[in-house]
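User: I am new to this structure and would love some guidance. Could you take a close look at one part of it for me, namely how its strands are arranged?

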Amino acid sequence: MTDIANSFGLLRLPDSIAFGDGCRSGIARTVASLGHRALVVCDPFLASTEAFNQLLQELEALDVAVTVDTQVVPELPVAVVEEAIERAVLTRPQVIVGFGGGSALDLAKLIALGLAHGTPLNRFYGENQVPGPVIPLVAVPTTSGTGSEVTPVAVLADPDRELKVGISSPYLIPRAAVVDPRLMVGAPAAVTASAGADALVHAIEAYTSNNHAPQWADQLPVFVGENLLSSTLALEAIRLIGLSLRGAVRDGQDFQARSRMAYASLLAGMAFGTAGTHLSHAIQYPVGALTHTPHGLGTGMLLPYVMQALLATDARRLADIAQALGVATDSTEESAQNAIDEVAAIMADIGLPNHLAAIGVTEADLPRIVELSLTVRRLVTNSVLEPTEENLHRIVRAALNGDRTALKPVPTAASTESENQQ
Ligand SMILES: NC(=O)c1ccc[n+]([C@@H]2O[C@H](COP(=O)([O-])OP(=O)(O)OC[C@H]3O[C@@H](n4cnc5c(N)ncnc54)[C@H](O)[C@@H]3O)[C@@H](O)[C@H]2O)c1
Ligand SMILES: [Fe+2]
């Protein structure tokens, strides 16, 4: 039973979150309640869809003047973002709508930030650097994965930095999130797989992050670690992803699987938006920069190795994850190992490569990957594993060759003896 008297809870969320088939028909009214000049930031592919054109008509019917910006590119180079902000300044929108995958939602967040506080954006890199509220944002995801519709983060690429950079601030949380699973039905299998894998990583890392109560009287960090409120959401997300990610990738028209993934990704975003993530994300930053592979492919591939490294110190929480995935037994240790094996099986079944060498990483890259991962302090310090060079090196070495057994604790003479006596 959870020790509530000695725990804490914290969530920061949009003012409203709508979920369900058909809730997209409420987007226009939500936008109109926030302003009558809107900028809609949309993925170029999605701009040609019927659902998007319907939204434009509904906005027009409510007398909302709309400008559409479709210059969304994956990875979001800072120069592209700052140009989008310059274009947006000319139309002075009162409300921004982000419609698309994580890239479109993050661009919408960054435009809302730039309009309120100006450029260059590098003044806001890191945590809690945004000085005040931004232009209100309505976020409409069309992939199930990033959770960006409810999180305080936007990620972009800056050629002056080797790694992608995050801007994290509670002021970046969208004012409203509208999650309609019907919008995800067309997403290609590879996007469904990498985005869905990332949602599972968000939920599992939120659930296994540090859980020390914050210093309440101080300015709180953006990510405060695992807590009562985030954990409830994370476990339900893990359960649903375990039931449906394989199906959503296998058959994109499977609306039950799509709906579960859209809901689970939302819950995972709500959980990690306050709890934070940790090592798979920290290591993916340099791996992504080196290999130019999608964010979720990297975090999803790394997760089983990170979980394996956690087993020695965190078997209880891994066993809770096994319970959510339906693979628990009476033994905590065995359940924890089953959870790791099940996560690795899900990643394999959806087609993710299972080791770093498969995406072009070599032995010679390991020291730099470790060094750069350790610079992402907000993530490595959010893990219960001490963020030492040695610990990180063990994980990336095991991930390089696909050898999780290298991370399993070596049985001592004493433990073997006690097992024999049972
Ligand atoms: N802000 C956050 O909290 C957060 C969290 C995780 C990741 N991210 C960022 O999100 C980005 C990844 O987002 P993503 O995985 O959603 O991918 P994405 O937004 O880059 O989109 C990938 C591709 O899928 C297409 N697509 C999206 N929805 C579609 C649909 N319904 N039908 C057909 N095609 C569709 C897009 O046109 C694009 O070509 C990364 O840049 C990552 O850094 C942000
Ligand atoms: Fe992620």
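Analyst: Strand 2, helix 2 (residues 50-61) and strand 3 form a β-α-β unit that is right-handed (with the strands pointing away from the viewer, the path from the first strand over the helix to the second runs clockwise). Helices (H or I, at least four residues) and strands (E, at least two) are DSSP runs, numbered from the N terminus. This is a predicted model, in which local features need pLDDT of at least 70, side-chain atom pairs count only at pLDDT 80 or more, and totals for chains, interfaces and linings use all residues. Residues are numbered from 1 along each chain as its sequence is written, chains are lettered from A and ligands numbered from 1 in the order in which they are written, and side-chain values use heavy atoms, without hydrogens and water.

Within the unit, 5 bridges link strand 2 (residues 37-42) to strand 3 (residues 65-69) in the parallel sense (strands pair if DSSP finds at least two bridges between them). Opposite L39 you will find T67 of strand 3.

Now for another group of strands. Here 3 strands make an open sheet in the order 5-8-7, and its pairing is mixed. Strand 5 (126-127) and strand 7 (153-156) each have a single partner strand and stand at the edges, so one side of each has no neighbour in the sheet. Strand 7 runs antiparallel to strand 8 (residues 165-168), joined to it by 4 bridges; L156 has V165 in strand 8 as its bridge partner.

Finally, helix 4 (residues 102-117) lies across strand 7 and strand 8, at about 105 degrees to strand 7. Contact means heavy atoms within 4.5 Å; axes are lines fitted to C-alpha atoms, for helices over the stretch in contact, and angles run from 0 to 180 degrees between N-to-C directions.
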